[in-house]
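Thanks for sharing this one; here are some notes to read alongside the model. I have kept them as numbered points so you can check each against the structure.

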Amino acid sequence: MPDGWQWDPTLFKGSAAHYARGRLPYAPGLPEVLAGALGLDGRGWLLDVGCGPGTVVLPMARFFAEAVGVDPDEDMLAEAERRAGRRGVTHTRWVAARAEDLPAGLGEFRVVVFAQSFHWTDRDRVAAVVRDMLEPGGALVHVSELKDPLPAPPPPPSTAPPYAGIGELVRRYLGPVRRAGQGVLVDGTPGGEELVIARAGFADFTRHVVPGGQVVTRTTDDLVAWTFSRSDSAPHLFGEGVADFERDLRALLERAAPGKHPFAERLPATEIRIWHKPPG
């Protein structure tokens, strides 16, 4: 887990309603690239740990006999279940649990996915448990936005979202150190997943990049939702000042793009890292 931080259930409190609208999607083609890399054929089970509102597990479910989403935030699971119903995805289960609660009697899986969630866990412990939950030759998959290099700016005359200004406004309300639930992240979240996962006995590492670069438009409401979808600016952190913060945020966005013209940005590429449990 991040140094000096302890998990608590308010990490994403109030963010579920904003998550699907506010967060950028992964690069188009992610499900197909992952299915091709793993030779998925509709058999076996998928487990998505820290599934949120089903961002990855729902489009991947068609490649498996059953898919299970695990998340400690019950509002996220409720949103995932609603989205599954709208998509007609019926072979999914939603389990309220932390990664540290695994294996939780969930069974054996062909693939276990962490989509920008592994850094919130007790990583050595969780990686070892996941290894035991995988069938021989099964895969642990880490999905994340590729931040280096950053996507190019959107083409003129588009206005890029003022993310730096949003960050300054959040710090003005919540202080200079990044908030996370009831605690703070002095040094941010940890990296180095490769070493942690290798220590747990995984092998046969491969890496795949799904190209991004597509231009997407973003309204003021989208960027308000993005802000409230984040652990460091979840609605509850502002307390009674949440309405004042939203007012100031909307004013900042109006100044950045007067007249309610939409913002635009390019989707980042998506990085897929895969490790396998030895077959024997």
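1. Let's begin with Asp 204, which sits in strand E8, residues 203–210. In this predicted model, Asp 204 has a positive phi of about 55 degrees, although it is not a glycine. Is the residue buried or exposed? Asp 204 counts as exposed because its relative accessibility is 54%, and the cut-off for that class is over 50%.

2. Ala 104 deserves a look as well, since phi is near 55 degrees there, again a positive value in a residue other than glycine. This alanine belongs to the loop between E3 and E4. With 43% relative accessibility, Ala 104 is classed as partly exposed.

3. Please check the peptide bond that comes just before it in that loop. The bond from Leu 102 to Pro 103 is cis, with omega near 15 degrees. Pro 103 is found in the loop between strand E3 (92–96) and E4.

4. There is another cis peptide bond to inspect, between Pro 156 and Pro 157, where omega is about 5 degrees. As for its setting, Pro 157 lies in the loop that links E5 and helix H6 (163–174).

5. Now to strand E4, which spans residues 109–115. How many of its residues are buried? The count is seven of seven, so the strand is mostly covered, given that buried means under 20% relative accessible area. E4 runs parallel to strand E1 (residues 45–49), and three bridges join the two. One pair to pick out in your viewer is Leu 46, whose bridge partner in E4 is Val 111.

6. E4 also pairs with strand E5 (residues 134–145), in the parallel sense and over six bridges. Here Ala 115 has Val 143 of E5 as its bridge partner. Between E4 and E5 the chain passes through helix H5 (residues 123–133), and this β-α-β crossover is right-handed.

7. Val 95 gives a good view of strand E3, in which it is found. Which residues does Val 95 touch, leaving out those up to four places away in sequence? They are Val 68, Gly 69, Val 70, Asp 71, Leu 77 and Leu 106. For Gly 69, the separation from Val 95 is 26 residues in sequence and 6.2 Å in space, C-alpha to C-alpha.

8. Glu 193 may be worth a closer look. This glutamate is found in helix H7, residues 193–199, and counts as buried because its relative accessibility is 9%. Setting aside neighbours within four places in sequence, Glu 193 is in contact with Phe 118, Arg 123, His 142 and Arg 273.

9. Arg 62 is in the loop between helix H3 (57–60) and strand E2 (66–71). At 51% relative accessibility, Arg 62 counts as exposed, the cut-off being over 50%. Not counting residues up to four places away in sequence, Arg 62 touches Pro 31, Glu 32 and His 91. From Arg 62 to Pro 268 there are 206 residues in sequence and 25 Å in space, C-alpha to C-alpha.

10. Helix H8 is mostly covered, with seven of its nine residues buried. Those buried residues are Asp 222, Leu 223, Val 224, Ala 225, Trp 226, Thr 227 and Phe 228. What do they pack against? Their partners are helix H1 (16–22), H6, strand E9 (215–218), helix H9 (242–256) and strand E10 (263–266).

11. Finally, please look at the second largest pocket, which has a volume of about 280 Å³. It is lined by 16 residues, and the closest to its centre are Gly 167, Val 170, Arg 171, Arg 230 and Asp 232. H6, strand E6 (178–180) and helix H8 (220–228) each supply at least two residues of this lining. Which element gives the largest share? That is H6, with six residues. By class, the pocket lining has seven nonpolar, four polar and five charged residues.

Notes
Residues numbered from 1 in each chain as written. Predicted model: local features only at pLDDT ≥ 70, side-chain atom pairs only at ≥ 80, totals over all residues. Heavy atoms only, no water. Buried < 20%, exposed > 50% of the residue type's maximum accessible area, 1.4 Å probe, protein only. Helix = DSSP H or I, 4+ residues; strand = E, 2+ residues; numbered from the N terminus. Pairing = 2+ DSSP bridges. Right-handed = clockwise from strand over helix to strand, strands pointing away. 1 Å grid on protein atoms, 1.4 Å probe; cavity = no way out; pocket = protein on both sides within 12 Å on 5 of 7 lines; lining within 4 Å. Points joined across faces, edges and corners; volume = space filled by probe spheres on them. Nonpolar A, V, L, I, M, F, W, Y, C, P; charged D, E, K, R; others polar. Contact = heavy atoms within 4.5 Å.
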